[in-house]
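Please look over the sequence and the model below before reading on. The paragraphs that follow go through it part by part.

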Amino acid sequence: MTRPLDTSDAFHRLADCYRQRLACARSAHAGGRPVVGRIGHQVPIEPILAAGCMPVLVSADLQIATPVADQYIDPELPPETRALCEVALQGEFEFLDLLILSRPYDKLYYFMKELHRLGRAPKFPPFVIHDLMHSQRDAVRAYNQGRFHALLDRLGRVGTRPIDETSLGEAIGLTNQVRALQRRLGDLRFQGRLDAVEALQIIGAGFFMHPADYLADMQASLRTLQDAQAGAPGLRTVLASSEPLQDLTLYEALAEAGIQVVAEDDAWGSRAAGQDIAMQGDPAASILDKLWRDTHSSGVWPPQAREAWLLAQAARPEVEAVVLYVPPSDRLLGWDTPRLLRTWREAGKPAIALFHDVHRPQGRQALIQEVQAFVASVPRPTHQEAGR
């Protein structure tokens with residue numbers, strides 16, 4: 001069946017950028033613009049833009065072989081840590097003028113630092129860590145302010161123009177426009193005007209494109225979706241995962257099993273936008289406040305603050321079920337899974353935890369079979385009732 005976005009040139013450009021993740025950054029580098037890589041969504045793009053640089057989120061295929069990184073990195077650490085280290089050692093990020101790692105990747109930072117010290121990483125770009133604490137206690141405010149201003153100072157030495165109130169204000173205005181469109185895309189997902197695979201490509205492309213280019217293609221894609229027929233099939237579900245949802249494998253398997261993911265507790269999806277950055281007052285302080293208070297991170301403390309968004313979305317009347325993806329690589333979500341499942345089930349919201357590795361053929365098939373049985377067990381309204 002032909003879907004509205006199938007004939008959209010703007011969507012296909014976004015999908016290409018989602019797949020070829022460093023293409024725009026390499027093009028900017030070839031054109032003489034400094035390029036700054038980000039590992040983790042907790043590194044803000046506004047100061048990078050204000051400095052006249054091209055921001056790009058750095059990711060790695062979690063399924064690649066990591067023979068070199070395995071020599072140095074503990075096997076208990078997540079696959080993402082080993083994969084990122086492996087591709088960095090191979091020189092994939094060598095063209096970057098600066099690579100900034102966020103606090104959730106501190107172990108990767110220290111491994112990279114030691115490899116560099118030992119002279120075993122000649123292809124690493126210059127790299128630093130942005131050590132912002134996501135504890136919601138006011139006691140950490142002064143520390144975060146210091147780290148943020150250190151980041152501004154480091155970017156100022158890479159960029160082509162001063163980072164000041166004017167340049168930061170311009171960057172905030174641009175990224176707020178992007179956030180507004182991403183929130184609108186979220187509304188269209190709940191209406192069933194596009195599926196999760198399409199949505200993830202549209203959202204994810206924004207991590208690899210300059211926001212001005214991304215804005216134009218996203219506006220065109222949303223215009224295409226405005227007249228799309230609502231009501232995509234599948235059990236309307238909110239998803240949470242212990243692995244970054246940075247590829248489409250899990251979504252494709254869930255769709256095959258009868259799940260329509262309408263939102264996900266992940267910065268690669270529904271949590272990408274959050275709220276706007278305040279345009280009033282000191283722009284640097286506004287960026288820091290957004291970064292600290294309204295950015296998805298596994299390090300947010302206390303847990304109630306970390307889980308608030310997920311619980312609120314799962315409670316929406318349009319949401320029929322909740323799925324937790326807890327593959328063998330999990331180091332965090334598994335601890336909270338029994339409590340979360342109990343919370344939803346006591347509230348009358350069907351929920352399931354999936355422990356198979358969807359990236360392996362046997363795990364994928366087992367996951368699909370388990371989800372199909374779950375979908376069949378959930379009572380759903382008839383077509384007549386759904387249309388009332």
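Which residues in α7 meet A196, A199, L200, I202 and I203 in α8? In this predicted model, they are Q182, L185 and R189. Helix α7 covers residues 165-190, and its axis lies 11 Å from that of α8, at an angle of about 180°. Since angles over 145 degrees count as roughly antiparallel, that makes α7 roughly antiparallel to α8.

Two residues of this contact, L185 and I202, come up again in the nonpolar interior. The largest nonpolar core has 56 residues, and L101, L185 and I202 are the ones that touch the most other members. Helix α4, residues 79-89, gives this core its largest share, six residues. L101 can be followed outward through its contacts: beyond its neighbours within four places in sequence, L101 is in contact with I39, V43, L108, Y109, M112, F127, V128, I129 and H130. Another core, of 27 residues, lies apart from the largest one; its members include L235, L248, I259 and I368. In soluble globular proteins, nonpolar side chains tend to be buried together.

Next comes the sheet. Four strands make up an open sheet with parallel pairing, and their order is β6-β5-β7-β8. β6 and β8 are at the edges and have a single partner strand each, so one side of each is left without a neighbour in the sheet. From one strand to the next, the twist averages 30°. Strands β7 and β8 run parallel and are joined by four bridges; in one pairing, L324 has A353 in β8 as its bridge partner. Strands of a sheet pair through backbone hydrogen bonds, either parallel or antiparallel.

Helix α10 packs on this sheet and touches β5, β6, β7 and β8, with its direction making about 140° with that of β6. Which residues of α10, a helix spanning 249-256, are buried? They are L250, Y251, A253 and L254. Seen down the axis of α10, these buried residues fall within an arc of 165°, so they line one face of the helix. An α-helix has 3.6 residues a turn, so residues three or four places apart point the same way. The cover over the buried residues of α10 includes the strands β5, β6, β7 and β8, and also the helices α8 (196-205) and α14 (361-377). Helix α8 thus appears in two settings: among what covers α10, and packed with α7. Just after α10, G258 takes a positive phi of about 105°.

Terms used:
Residues numbered from 1 in each chain as written. Predicted model: local features only at pLDDT ≥ 70, side-chain atom pairs only at ≥ 80, totals over all residues. Heavy atoms only, no water. Buried < 20%, exposed > 50% of the residue type's maximum accessible area, 1.4 Å probe, protein only. Arc of directions from axis to C-beta. Contact = heavy atoms within 4.5 Å. Pairing = 2+ DSSP bridges. Axes fitted to C-alpha atoms, helices over the stretch in contact; angles between N-to-C directions. Core = buried A, V, L, I, M, F, W, Y, C linked by side-chain atoms within 4.5 Å. Parallel < 35°, antiparallel > 145°, perpendicular 65-115°, else oblique.
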